[in-house]
Amino acid sequence: MSYTVAVRALCEFTARSGDLDLRFTPAPSALEGMAGHSLVQSRRGEGYETEVSLSGQHEDLCVRGRADGFDPQAGQLEEIKTYRGPLDGVRAHHRALHWAQARVYGHLLCQARGLARLRVALVYFNVGTGQETVLVETHEAGALKVFFEDLCARFLAWSRSEAAHRQARDAALAALQFPMARFRTGQRELAVAVYRSAHAEASGRCLMVQAPTGIGKTLGTIFPMLKASTGQGLDKLFFLTAKGTGHGLALQALAAVQGQLAAQAHPRSLRVLDVQARDKVCRHPDKACHGESCPLARGFYDRLPHARAGALALSQPWDAAALQTVAQQHQVCPYYLAQELVRWSDVVVADYHYYYDSSAMLYALAQAQQWKVGVLVDEAHNLLERARRMYTAELSQFALADARQAAKAAKASHTGALHMGPVSKALDKLQRAWNAFNAEQAADYQAYDAIPGALLGAVQRAAGAIADAQADRPMLPGDPVLAFYWEALQFTALAEQSGSHALFDASLAPARARARKTPASILCIRNVIPAPHLAARHAGAHATVLFSGTLSPPHFYRDILGLPQDTGWIEAAAPFQAEQLDVQIASHISTRWSDRERSLQPIVDVVARQYARQPGNYLCFFSSFDYLQRVAERMRHAHPHLPVWLQTPSMDEAGRTDFLARFTEQGQGIGFAVLGGAFSEGVDLPGRCLIGAFVATLGLPQVNPVNERMKRAMDEHFGADKGYDYTYLYPGLRKVVQAAGRVIRSEADQGVVFLIDDRYRRGKVQALLPRWWRVGAAQERGSCPAR
């Protein structure tokens, strides 16, 4: 088998050494980098060769690349690198990588032109000053050849090992049988659809699957994607989750697959990596990520090969506990060890943002390595709000005030006067531009068609001044100037991508600025439609399957998540019978804002009568904590014997655990919770742990200036008949169905759901409820008439 690798990829894999160093150093943009290369090349004399194509062979490895420049008269090959700030800001591990690239190009050039000796130069070009720093080594061709062959030998050892693993993995997966005794109802249909989608010849094939709880969606998507990977040559499977509970379910399903592989005499043939959040696995949260601060960053790349080998020797999976063990044995950072192990993994379980964020690690690696990947998106209805947050940026004038104060204090010091003076001046100019903008705003909240050029320009200039100062003298974490800089960078980056998919708005904060003539404000580039940002991610995968119990209606999610028009859709059959769930509409009650006070007693009556008929554990969902509290107070007054416990706004993890601990097989009482909160999704209370739920709301987002402006943007983007549905109705009913789904968790469960509001009678609303529900009307009558 032959292998081909780029010079850069070869060196990144084999030549990194020294510390892990994540201290911020301002880097040139891609355009600045290209301009810098061109300028350096233009300064060279006649006969200077640029972009020299080179290739070489070592055993069955072909190495290719383009050297930046070669001066035949001086016998000097040049590798050009651009930077900002002082040269010592180019970290040692980066310099080691740069020298490795230069030496490899040196060998390839000597080999191509029969040179016996060569000067190899690193040219560091400061894009801010135009200054060049040239570092030169002189090498014999034989020494360069030895260096080249050593890197190639290490790369080939890995490549051959990976090829052998890949061959064994594909053979095992080709023979893999479904790891359960039988498919559940609807699970086979789901698996077939996923397999066919992954088997499509064209890349970027997408499928949406709506499948209820109990069908086994996780295993029903992982198994067919793995089976299809052998025929389609998939390199990796990314299983993406919105919450930590999704990691556990994915690892359980993958453990079942691993068990089946072992039973078929193919143990250890599938490498599974669980990527946990940094704050969950960091062993030194009080230290910065560089060798001068953290002992696990010091010498990270020197110890990485042995840590990697230690991980490969472990039994699967590479979960948090396994990685902590390896990291401790080899004294490396467990979080960044996990990132390195992505290259060795067959399946990666990670949060959404590792693939969909603007700086997503999994997406960037897949593109750089040209991996063919399958992507499974668990509980995909959550991707909408998560993606909106990924591509939304706020800029606070209060953060600017803190930055100005810190900059002035630094400027007044003897050591900071020179480099903080321009920063202080730029921040003052931004403050004046911002105040002028605020003075024109007539309302507390206002959306604009575009960001005023003067204001945006002032933000960009302030960010540039801070970047220059940071390059001269790096600021420490916690510095208000640096904190404002990060906000400004994200804000300006999204401003450059602004379009009809986002809003620019400003919210005045007069309460915090009564002493000021002009109130302060918070600027926001608010993502409404993530589609333009997510479309490239979908196209970058060979196949993407988004699945959830609530992905209806499909056109809404297709439009707003940027899925292709030919995206497939299936609704898997439910494993439940209509007789298992008694769904009743309390249509004599209105939960509209104007009817809240009159609705309190009728809701109490509905809940109390059902509890009297069938005592047990219930959840009662409301649109807000205020509404919840008012009904709970009325319930305690009217029925003091009835056990009630409440979700609170500041409830921590221990409080949530205590709340759920009340739901036992023998328990009785009613838990009051907010719809869309911690207890309406991802909560599994089977059997008599939960026998019923009351949903006293349609879940519609609050009508406020922000949501109304979002509705208008939806109208403009998708058509005037869709704005209300896309902004209010569909997101609201999705939360209702998710909450009601807590009741029936298995084919043996029985329960009741009360939908409390007259609007549940409407056909358009009932069309968004699960097909297997049989909806009836509650028999109660109360004092809050429907409208």
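Let's start with one bridge: V583 has V775 as its partner in β24. That bridge belongs to the pairing of strand β18, residues 581-586, with β24; the two strands run parallel and are joined by 3 bridges. Before I go on, please keep in mind that what we have on screen is a predicted model.

Now let's zoom out to the sheet around that pair. It is an open sheet of 7 strands, paired in parallel, and if you walk across it the order reads β20-β21-β19-β22-β23-β18-β24. So where does the sheet end? At the edges sit β20, residues 644-646, and β24, residues 775-777, each of which pairs on one side only. As you step from one strand to the next, the twist averages 20 degrees. There is also a helix to look at here: α23, residues 653-661, packs on the sheet and touches β19 (617-622), β20 and β21 (669-674). The direction of α23 makes about 145 degrees with that of β21. As a reminder for anyone who lives mostly among force fields, strands of a sheet pair through backbone hydrogen bonds, either parallel or antiparallel.

Next, over to helix α1, residues 7-14. Which of its residues are buried? They are V7, L10, C11, F13 and T14. Those residues cover an arc of only 165 degrees around the axis, so they lie on the same side of α1. In general, an α-helix has 3.6 residues a turn, so residues three or four places apart point the same way. And what covers that buried side? The cover includes β1 (3-6), β3 (61-71), α3 (92-113) and α4 (141-175).

C11 brings me to the cysteines. How many disulfides are there? A search of the whole structure finds 0. Take C110: the nearest cysteine sulfur is that of C152, and it is 15 Å away. C152 is in no disulfide either, with its nearest cysteine sulfur, that of C11, 9.1 Å away. For a disulfide, the two sulfur atoms would have to be within 2.5 Å. Are these two cysteines buried or exposed? C110 counts as buried because its relative accessibility is 5%, under the 20% cut-off. C152 is buried too, with a relative accessible area of 0%.

Last, a word on confidence. The chain averages a pLDDT of 91, and 96% of the residues score at least 70. One stretch to treat separately is residues 781-787, where pLDDT stays under 50. For that stretch the model has 25 contacts beyond four places in sequence.

Thanks, everyone, and I'm happy to go back to any of these views.

Notes. Residues are numbered from 1 along each chain as its sequence is written. This is a predicted model: local features need pLDDT of at least 70, side-chain atom pairs count only at pLDDT 80 or more; totals for chains, interfaces and linings use all residues. Side-chain values use heavy atoms; hydrogens and water are left out. Buried means under 20% relative accessible area, exposed over 50%, partly exposed in between (1.4 Å probe, protein chains only). Two strands pair if DSSP finds at least two bridges between them. Helices (H or I, at least four residues) and strands (E, at least two) are DSSP runs, numbered from the N terminus. Axes are lines fitted to C-alpha atoms, for helices over the stretch in contact, and angles run from 0 to 180 degrees between N-to-C directions. Contact means heavy atoms within 4.5 Å. pLDDT is the predictor's confidence in each residue, from 0 to 100. The arc is that of the directions from the helix axis to the C-beta atoms.
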